[in-house]
Amino acid sequence: MKRIVLTAAMASICLAAFAQEGEIKTGYSLGPVPAIAFDADKGFQYGALCNIYNFGDGSNYPNYNSMTYVEASFFTKGSKLFTLNYDNRVSIPGVRLSGGVTASIDKAMDFYGFGGYSAFYNSARVDAGSGKDAAQSYYAPYYRVDRVQILGNIDFIGNITDRLQWELGYHPSYFKEGAIDRESINKGKEGSAVYQEPSTLYEDYLDWGLISPEEAEGGFSSTLRLGLQYDSRDKEGAPTRGIWAEGHLSLSPGWLGTRNPHYRYSLTMRQYFPLIDNDILTFAYRLNYEGSIGGKDPYYILPYITRMGLSYDRDGMGGYDTVRGMLRDRVAGLDMATWTAEMRWRFVRFVLWKQNIAFGLTLFTDGSMVTRNRDLSFAGTASAKPAYDAYISQGQAKDRPHLTAGAGLRFIMNENFIIAFEYGAPFTAFGGPLKGQDGPGAFYINTGYLF
């Protein structure tokens, strides 16, 4: 989905006079952004987001004392997103407190099956039915589900040493998934633009027994999360040196109220190298591995990178926060590896109205793959077997790396409020035996760095 963000802060930059030295921020700083977006299935998006930073007396700058993030977005075809996050590092001595809740109602959430390239994506049919061939009916909704998601968290992070921290959190969540609402998807469309298929991939997975009845519609998960973190970053919003590494255990047992009990682990390594000092040129990379303990994870909790602290778990693998340029949730399996490498160049900075402003360029390459898939053995009725055989025969025997590359521009205010404009494209968009399997590429406007 292409997003266009309009902000008064961006418009005012044309009036800037350049300065050589930044200022120490104190007190409160606000970063409000009204947003407009469009998606063919969701309609127009309208809403706003705001970061409220408290720098206190400035002794911790460029890090803040506390931060509140609020977002409310609406779509003309019914989808909604509400987020409230809070982060405080000074109220409890030696302990950082983070919490929040995110609720999203998505009438056309991506669903491409399990196993990455093991799950065939018919890009030619999607393209033909999206206006490139008037004789073909609209096909993109075949890879969509109707999803309600509510994610909550309260996390505590305390010091063991100056660099090593313990992490403890409680993460309740609720998922409800089902087939798309055809009336909503087809609203305002006529002729070949109307989705006419008798089923979607999600409904086919139910018929083939690849999604069990117990997990089909989602449910409540009650999760205890334990972790260790090593953090030697020079600053959090836009780090240029240091290591940020984490390991997590997520325990969701039945006795805690989880409908489909599951147990997972996550390992993440991030490192930052200053190639040219004074924040001018930085090389950064991230390695992440998400794994299942026991292999009983319900399908709806698979496509996430595990987070603790300020940020909530992010949809992946594919999209702005994971693999830029690849279809959202294209890679899903019991175990998954994801990686990112970036070159970050801050080419100008100045002070405008007592705000520290900078612009940066980024070159990146991202990737992901399933290393252990869910069981794709047929478990449906005999009448559904031919369609299953045809689908499986088109996919790969096992997954291989999904690779993307791209570039971006960032507007940075006070080292924490960051607006990112980025475009990424998958390698498969340019040809080869897997041409089109990861989508055509995507443009993003969002906030912050990925890590």
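## Worked exercises on a predicted protein chain

The protein chain has five helices and 19 strands; these are DSSP runs (H or I of at least four residues for helices, E of at least two for strands), numbered from the N terminus. This is a predicted model, in which local features need pLDDT of at least 70, side-chain atom pairs count only at pLDDT 80 or more, and totals for chains, interfaces and linings use all residues. Residues are numbered from 1 along each chain as its sequence is written, and side-chain values use heavy atoms, with hydrogens and water left out.

**Exercise 1.** Find out what radius of gyration a compact globule of 451 residues would have, and set the protein chain beside it.

*Solution.* Start with the globule rule: 2.2 Å times the number of residues to the power 0.38, with the radius of gyration taken over C-alpha atoms. For 451 residues this gives a value near 22 Å, and the protein chain agrees because its own value is 22 Å. Next, look at the box along the principal axes: the C-alpha atoms fill roughly 70 × 50 × 35 Å. Finally, turn to burial: 56% of the 451 residues are buried, where buried means under 20% relative accessible area, exposed over 50% and partly exposed in between (1.4 Å probe, protein chains only).

**Exercise 2.** Place Arg144 and decide: buried or exposed?

*Solution.* First locate Arg144, which lies in strand 7 (residues 144-159). Then check the area: Arg144 has a relative accessible area of 13%, so this residue is buried. Last, inspect the side chain of Arg144, which makes a polar contact with the side chain of Tyr112 at 3.3 Å. Such a contact is a pair of N or O atoms within 3.5 Å; within protein, one must be able to donate a hydrogen and the other to accept it, and residues adjacent in sequence count only if both atoms are side-chain atoms.

**Exercise 3.** Describe the loop that holds Asn278 and Asp279.

*Solution.* Begin with the location: Asn278 sits between strand 11 (262-276) and strand 12 (281-292), and Asp279 belongs to the loop between strand 11 and strand 12 too. Now the backbone: phi of Asn278 is near 65 degrees, a positive value in a residue other than glycine. For Asp279, phi is near 65 degrees, again positive in a non-glycine residue. Then burial: Asn278 counts as exposed because its relative accessibility is 57%, whereas Asp279 is buried because its relative accessible area is 17%.
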